[in-house]
Amino acid sequence: MSAALSALAESSKGMLERPPTTTARGHLVLLLVASALATLPVWIPTYPPMVDLPQHAAQVALLENLGNPDFRFASLLQVNWFTPYLLGYLLIYSLVPLVGIVLASKIVIAVALAALPLATALVMSETGTDK
C-alpha cells in the first residue's frame with residue numbers, strides 16, 4: 001500500500017508545479033512595455049498632470065538664477081541642500097540648457113516612472129517573490 005502511495009505521490013509532483021508560461025525574454029519584454037506605458041501620462045499632455053510640477057520647475061529656475069548677478073532677489077534666498085528633491089532638481093538643472101525646463105522635467109519624470117517597474121522586478125527577483 002505505501003509503495004502505491006509513494007508512486008502516486010511521485011507521479012503527481014509535476015501536476016502541482018506551475019508550468020512556465022513565459023521565458024526570461026518574455027518577462028524582459030513585458031517589463032520594458034510596462035515601463036514605456038508608465039511614461040505615457042508624461043508625454044501625451046503638454047504639461048504632465050502633476051499639481052506641484054510648476055513649483056518644482058520654479059525651484060530649478062531659482063537655482064539657475066541665483067548665479068546671475070542681475071537677479072535682484074538672490075540676497076533674499078538661500079539654497080537648502082538637504083531637500084529630498086535635490087537629485088531630481090540637479091538632473092533637471094543639468095538638462096535645462098539643452099532642452100528647456102518643461103522637457104527637462106518630463107525627461108526626469110519619465111525616467112523615474114520607467115524605472116519603477118524595473119526596480120520592482122529586481123527587488124522581487126532578489127527576494128524570491130517573483131515565482
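The following exercises with worked solutions concern the helices, core and aromatic pairs of a predicted model.

Residues are numbered from 1 along each chain as its sequence is written, and in this predicted model local features need pLDDT of at least 70, side-chain atom pairs count only at pLDDT 80 or more, and totals for chains, interfaces and linings use all residues. Side-chain values use heavy atoms, with hydrogens and water left out.

**Exercise 1. The chain as a whole**

Task: State how many helices and strands the protein chain holds, and what share of its residues is buried.

Solution. Helices (H or I, at least four residues) and strands (E, at least two) are DSSP runs, numbered from the N terminus. On this basis the protein chain has seven helices and zero strands. Read from the N terminus, the order of elements is α-α-α-α-α-α-α. Next comes burial: a residue is buried under 20% relative accessible area, exposed over 50% and partly exposed in between (1.4 Å probe, protein chains only). Of the 131 residues, 17% count as buried.

**Exercise 2. The nonpolar core**

Task: Identify the residues of the largest nonpolar core and the helix that gives the most to this core.

Solution. A nonpolar core is a set of buried Ala, Val, Leu, Ile, Met, Phe, Trp, Tyr and Cys residues joined through side-chain atoms within 4.5 Å. The largest one consists of six residues, namely Val60, Tyr89, Ile92, Val96, Ala104 and Val108. At least two of these residues come from each of helix H6 (86–99) and helix H7 (101–127). With three residues, H6 gives the most to this core. For the surroundings of Ile92, contact (heavy atoms within 4.5 Å) is used. Beyond its neighbours within four places in sequence, Ile92 is in contact with Val60, Ile101, Ala104, Ser105 and Val108.

**Exercise 3. Helix H6**

Task: Compare the expected span of H6 with the distance between its end C-alpha atoms, and list its buried residues.

Solution. The expected span of a helix is 1.5 Å times one less than its number of residues. For the 14 residues of H6 this gives 20 Å, and the end C-alpha atoms are 20 Å apart, which agrees. The buried residues of H6 are Tyr89, Ile92 and Val96, and the buried residues of this helix pack against H5 and H7. Just after H6, Gly100 takes a positive phi of about 90°.

**Exercise 4. Aromatic pairs and His56**

Task: Classify the pairs Phe71 with Phe73 and Tyr85 with Tyr89, and locate His56.

Solution. Rings of Phe, Tyr and Trp (its six-membered ring) pair if their centres lie within 6.5 Å; planes under 30 degrees apart count as stacked, over 60 as edge-to-face and the rest as tilted. The structure holds two such pairs. The ring centres of Phe71 and Phe73 are 5.9 Å apart and their planes stand at 70°, so this pair is edge-to-face. Phe71 is buried at 18% relative accessibility, whereas Phe73 is partly exposed at 45%. The rings of Tyr85 and Tyr89 have centres 5.9 Å apart and planes at 40°, so this pair is tilted. Tyr85 is partly exposed at 43% relative accessibility, and Tyr89 is buried at 11%. His56 lies in helix H5 (residues 53–65) and is buried, with a relative accessible area of 11%. Not counting residues up to four places away in sequence, His56 touches Tyr85 and Tyr89.
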